[in-house]
Every structure is written in structure tokens, then in C-alpha cells.
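Here are my notes after going through the model you sent over. I've kept them as numbered points so you can follow along with the structure open.

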Amino acid sequence: MVSPSPFLNLPATLAWEDDCLRILDQTRLPQSTVIETLTNAHEVWRAIHELRVRGAPAIGVAAAYGLCVAMQSSRDLPIGAFREALKERAAYLDSARPTAVNLSWSLKRMLRAADRSNASDALSLYRALVDEATSIHDEDQLLCEQIGRHGMTLIAPGSGVLTHCNAGALATTGLGTATAPIYLAQRAGIPFRVYADETRPLLQGARLTAYELQQAGVDVTLITDGMAASLIAGKQVDVVIVGADRVAANGDFANKIGTLSVAIVARHFNVPFYVACPSSTLDLQTPSGNAIVIEERRDDEVTHLGGHAIAPEGIKVRNPAFDVTPHDLVTGYITERGIINAPFDTQLAALFGATS
Ligand code: MRU
């Protein structure tokens with residue numbers, strides 16, 4: 001599984017090869033590179049739920065191919081029964097994680113493609129689904145590149161960029177969202193440095209962002225989440241760029257837990273705070289961040305680190321995987337169609353109202 005962008009020096013996040021969905025198991029990175037083949041709906045659901053494939057855009061692409069995998073055992077059914085099973089399995093995959101809208105966005109798009117198709121047998125409809133999933137995959141790579149082109153204008157020579165979690169190549173099937181401007185600025189020879197928050201509890205920043213930026217030769221420094229405020233206060237950070245899992249119509253957005261703290265600190269010290277996100281992450285049907293469902297995950301993700309207990313047995317735990325940052329803390333959205341500034345409700349509707 002070769003990355004679509006050779007200069008990333010990474011295996012691809014996922015691939016569709018010989019009618020099989022292969023994913024890079026992100027829970028094993030950076031120590032081991034393990035490619036897993038997913039062969040049925042349950043395996044796809046578990047891979048998404050357990051974060052072996054994660055990051056909003058990558059989840060969307062995995063779900064599209066995952067639905068094809070889920071339908072492979074039904075290719076001999078009469079077309080009506082195939083269509084019924086398709087709806088059921090899409091609903092099942094959609095239940096794997098609640099916050100990243102790309103999951104439901106992609107599955108709805110797959111169902112719309114099936115509705116549009118005039119295939120008269122199950123195998124032809126299956127082929128149409130594979131074509132749609134391939135389009136979603138190709139588009140994801142293009143969206144990252146476009147976000148990168150717009151966002152690289154924000155990275156001045158000599159500047160410090162802070163990012164949180166992993167909105168990188170591993171969270172997409174291309175250059176990433178928050179990292180796309182970083183990779184393109186690097187490719188353009190602009191000197192700058194990146195600070196990667198480690199991102200407790202699952203350490204996507206340490207395990208994934210630090211790894212992928214280092215692999216690409218980017219000047220990256222790993223910090224713990226609690227260090228970000230002091231770096232920002234000390235003028236080490238000129239711009240914050242993060243990703244998003246769901247953007248509401250008013251510009252509030254959900255992203256990995258800890259993003260809100262970074263946004264508040266950035267505002268306090270007048271550091272611009274940008275959100276890189278493709279249109280597949282916009283949810284203009286959701287009016288504000290209050291309506292975004294936040295995934296709550298298992299206690300042991302907080303009480304254990306690398307399989308070792310770090311807290312007293314029986315301690316009460318909270319583990320929301322995401323937080324919501326209000327739109328008034330956002331300087332701008334870096335989208336495939338350009339950088340959007342406030343007022344976000346009208347700007348998002350004007351640019352994307354017809355598409356999301
Ligand atoms: O729980 P995860 O690892 O799926 O969370 C990922 C994030 O929060 C990313 O910042 C977000 O999905 C943007 S990915 C381009």
C-alpha cells in the first residue's frame with residue numbers, strides 16, 4: 001500500500017485492491033506498520049470504532065469501501081433484497097462512531113448512488129457502489145491538495161505552527177487537512193517549525209502527527225497538551241491550524257478533545273486560529289455546536305497508558321473524545337474553495353449551501 005504522495009514517505013492510510021479493503025492499523029503506529037484486510041461489515045465497523053482507521057475524512061472513505069465489502073456476500077441476491085440489505089448495512093456502519101460527520105455523509109452518498117443507479121441485478125449495483133466509493137476516495141485526495149494550496153499562504157517564513165491531534169495524511173487519504181498547508185509549504189522550501197500536541201488520551205499527536213511530519217522531513221517538535229499555552233504565551237506560535245470532525249452551520253465545530261483549550265489560549269494571546277476542513281466535514285443541517293453529539297469512549301483509555309494502569313482502580317472517569325469550539329474563536333476556515341472568514345453562517349451557506 002503505497003502513499004499517493006511519494007514525498008510523504010508513509011504507507012497509504014487505506015487502499016482498495018482486488019475487491020479488498022486494506023487499512024493501515026493506526027493503533028500500532030509508529031512502532032509497527034501493520035496492514036489489515038477487512039472482509040465483512042463487522043470487521044469494518046470494529047476497525048472504525050477501535051480507531052484502527054480514524055480521522056474524519058479517512059473514516060468517510062473507509063466507510064464507502066466498507067459498505068462495498070459488507071455487500072460482497074449479497075451479490076447473488078435478487079436486486080430488491082440487495083437494496084434492502086444495503087440500507088441495513090449502511091445504518092450499521094453509521095453507528096460505529098457518532099461525531100465525525102464524514103461517516104454518515106459518505107454512507108448517504110453511497111445510498112444516493114444506489115438510488116440513482118438503474119442496475120437490474122445485484123452484481124451491477126455492487127459495481128456502481130465500488131465506482132462511487134472510488135470517486136469519494138479520489139475526491140478526498142484532491143480536497144486535501146486544494147486545502148493545502150489555500151492554507152500554505154498562512155505559513156510565513158520563520159514561523160511556528162501549532163496543531164492538535166492528527167489531521168494529517170493518516171487522517172485522510174491524501175496530504176491531510178491541517179497538515180496539507182504544512183506539506184506544501186515544506187515542498188516550497190519555506191522554513192518554519194511545527195509544534196504537535198501529544199493529544200491525550202490516545203496520543204494521536206505523538207503517535208501519528210509527530211511520526212508523519214518527521215517522516216516527511218518537517219521540523220516538528222512534540223509537546224504535551226499542557227505545554228501549548230506556555231508556548232503560545234512565549235510567542236513561539238504564529239498560527240494554529242487544526243482539523244475538524246463536524247462543522248455546524250454557524251461555524252461552531254467539533255474536533256479532538258483539547259482543541260477548545262488551544263482556541264481559547266490562541267484568542268487570549270491574539271494568535272490566529274484556523275480550521276482546515278473539506279466540504280465533506282460540513283454539516284449545515286446542524287445549526288450550532290450544541291447539537292453535535294460527542295462520542296464518549298471507554299474509561300480505560302484514560303486510566304491506562306500503553307496497557308499500563310496509571311490511575312487508582314475504581315476511579316471515576318470522563319472520556320469525551322471531542323469538544324466543541326465556538327465559532328467566535330475561529331479566525332478562519334481553510335476549505336477547498338478558499339479561506340473563509342466570519343460571519344461563518346452566511347459565508348458557509350454562500351459557498352457550500354447547495355452541496356452539504
Ligand atoms: O478520534 P480521532 O483520532 O478519529 O480524531 C481525529 C480528529 O479529531 C481530527 O482532528 C479530525 O478528524 C480531523 S482529520 C482531518
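1. Let's begin with Val-330. Leaving aside residues up to four places away in sequence, Val-330 touches Gly-251, Phe-253, Arg-267, Phe-273, Val-275 and Phe-344. Keep in mind throughout that this is a predicted model.

2. Where does Val-330 sit in the chain? You'll find Val-330 in the loop between S14 and strand S15, the latter spanning 332–335. Is this residue buried or exposed? Val-330 counts as buried because its relative accessibility is 5%, and the cut-off for buried is under 20%. Have a look at Ala-263 as well: its C-alpha atom is 7.4 Å from that of Val-330, although 67 residues separate the two along the chain.

3. Now zoom out to the whole chain. There are 11 helices and 16 strands. The radius of gyration is 20 Å, close to the 21 Å that the globule rule gives for 356 residues, so the chain is as compact as a globular protein of that length. Along the principal axes, the C-alpha atoms fill a box of roughly 65 × 50 × 40 Å.

4. On burial and contacts: 56% of the 356 residues count as buried. If you take the contacts between residues at least 6 apart in sequence, 74% of them join residues at least 24 apart. The chain exposes about 14400 Å², with carbon and sulfur atoms supplying 53% of that area.

5. One piece of the fold to pick out by eye is a right-handed β-α-β unit, made by S5, helix H7 (residues 204–215) and S6. How do the two strands pair, parallel or antiparallel? Strand S5 (residues 192–197) and strand S6 (residues 220–223) pair in the parallel sense, over four bridges. To find the register, look at Asp-197, whose bridge partner in S6 is Ile-223.

6. Next, the charged pairs. How many salt bridges does the structure hold? The count is 18. Among them is the one between the side chains of Glu-50 and Arg-46, at 3.1 Å from N to O. Glu-50 counts as partly exposed, at 30% relative accessibility, and Arg-46 is partly exposed too, with a relative accessible area of 37%. This pair belongs to a wider group: Glu-36, Arg-46, Glu-50 and Arg-52 are linked in a network of salt bridges.

7. Arg-318 and Glu-296 are another pair to check, as their side chains meet in a salt bridge of 2.6 Å, N to O. The pair links distant parts of the chain, 22 residues apart. Arg-318 is in the loop between strand S13 (308–309) and strand S14 (322–325), while Glu-296 is in the loop between strand S11 (282–283) and helix H10 (300–303). As for accessibility, Arg-318 counts as exposed at 60%, because the cut-off for exposed is over 50%. Glu-296, with a relative accessible area of 45%, is partly exposed.

8. Last one: Asp-300 forms a salt bridge with Arg-298, and the closest N and O atoms are 2.8 Å apart. Which side of the exposed cut-off does Arg-298 fall on? At 54% relative accessibility, Arg-298 counts as exposed, whereas Asp-300 counts as partly exposed at 32%.

How values were computed: Residues are numbered from 1 along each chain as its sequence is written. This is a predicted model: local features need pLDDT of at least 70, side-chain atom pairs count only at pLDDT 80 or more; totals for chains, interfaces and linings use all residues. Side-chain values use heavy atoms; hydrogens and water are left out. Two strands pair if DSSP finds at least two bridges between them. A crossover is right-handed if, with the strands pointing away from the viewer, the path from the first strand over the helix to the second runs clockwise. The radius of gyration is taken over C-alpha atoms; the globule rule is 2.2 Å times the number of residues to the power 0.38. Buried means under 20% relative accessible area, exposed over 50%, partly exposed in between (1.4 Å probe, protein chains only). Contact means heavy atoms within 4.5 Å. Accessible areas come from the Shrake-Rupley method with a 1.4 Å probe; for residues, only the protein chains shown count as cover. A salt bridge is a side-chain nitrogen of Lys or Arg within 4 Å of a carboxyl oxygen of Asp or Glu.
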